[in-house]
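User: I would like to go through some of the labels attached to this model and hear the reasoning behind each of them.

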Amino acid sequence: MILAFTGHRLRYGAAAVALALVAVLGGCSDGASGSPDSAASVVQTFNKADVKFAQTMIPHHEQAIEMSDMILAKSGVDREVTKLAQQVKDAQGPEMTTMTGFLTAWNQPLIPDHSAEADEHHWDAEGMLTPEEMQELTTADGRTGQQLFLEGMIEHHKGAVAMVQDEIDNGQNPDALRLAQAIKDRQTAEIETMESLLTSL
């Protein structure tokens, strides 16, 4: 599924991130600049997989936060489900800011240029809910909503795990690789939690 990306959350904190990174890193724009022994060049070393990881994971995180906001706004939701939704927000908001910072430091756009994609890699995100599924979650009552949230977020997380595995296998930037592994570890654990909650509700 190709991303239906609004980008409204991407602006949050991006300016501050950009200013901080520019001050530290300077204006390098590609992964070949600088000495490999310098701190700046370590951050600036990146490849296409790193860029794809950040560009596709930011809107993926955005939707997860929107889903969490929906369930947190409902009444009659199990306490453990609301705890999980808040956990998702608390983790993925800062991760979005971090990935926005990566792209700013690398002088890469926040939104991928689909027209420039010429190989087998697809600039899409796995596990994303459709607009119809998001609307169903919005209008559901608490009891139905928590079921839809858990089912949808499990698939959403599975998609994210597949996406970050591509970064782990093919990425180059050490900071992006560390973040990808952290996302994989956390979301794998959350999948297990959500599957357990589904059986107990």
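Analyst: What follows takes up ring pairs, burial, a backbone angle and a helix residue in turn, and the model is a predicted one.

User: How many aromatic pairs does the structure hold, and what makes the pair of Phe 46 and Trp 106 count as stacked?

Analyst: There are 2 aromatic pairs in the structure. For Phe 46 and Trp 106 the ring centres are 4.9 Å apart and the planes meet at 15°; because a pair needs centres within 6.5 Å and stacking needs planes under 30 degrees apart, these rings form a stacked pair.

User: Why can that pair be said to tie together parts that are apart in sequence?

Analyst: Phe 46 sits in the loop between α2 (39–44) and α3 (48–72), whereas Trp 106 sits in the loop between α4 (79–105) and α5 (131–139), so the pair joins parts that are 60 residues apart in sequence.

User: Why is Phe 102 with Trp 106 called stacked, and which residues do the ring pairs link into a cluster?

Analyst: The rings of Phe 102 and Trp 106 are 5.4 Å apart, centre to centre, with 15° between the planes, and the same cut-offs of 6.5 Å and 30 degrees therefore make them a stacked pair. Through ring pairs, Phe 46, Phe 102 and Trp 106 are linked into a cluster.

User: How do you know whether Phe 46, Phe 102 and Trp 106 are buried or exposed?

Analyst: The cut-off for burial is under 20% relative accessible area. Phe 46 has 11%, Phe 102 has 10% and Trp 106 has 1%, so each of these residues is classed as buried.

User: What makes the phi of Asn 107 worth pointing out?

Analyst: Asn 107, in the loop between α4 and α5, has a phi near 60°, a positive value in a residue other than glycine. Most residues other than glycine have a negative phi.

User: Why is Asn 107 called exposed?

Analyst: Its relative accessible area is 54%, and because exposed means over 50%, Asn 107 falls in that class.

User: Why is Ile 154 called buried, and which residues does Ile 154 touch?

Analyst: Ile 154, in helix α6 (residues 142–170), has a relative accessibility of 5%, so this residue counts as buried. Leaving out residues up to four places away in sequence, Ile 154 touches Ile 191, Met 194, Glu 195 and Leu 198.

Definitions and conventions: Residues are numbered from 1 along each chain as its sequence is written. This is a predicted model: local features need pLDDT of at least 70, side-chain atom pairs count only at pLDDT 80 or more; totals for chains, interfaces and linings use all residues. Side-chain values use heavy atoms; hydrogens and water are left out. Rings of Phe, Tyr and Trp (its six-membered ring) pair if their centres lie within 6.5 Å; planes under 30 degrees apart count as stacked, over 60 as edge-to-face and the rest as tilted. Helices (H or I, at least four residues) and strands (E, at least two) are DSSP runs, numbered from the N terminus. Buried means under 20% relative accessible area, exposed over 50%, partly exposed in between (1.4 Å probe, protein chains only). Contact means heavy atoms within 4.5 Å.
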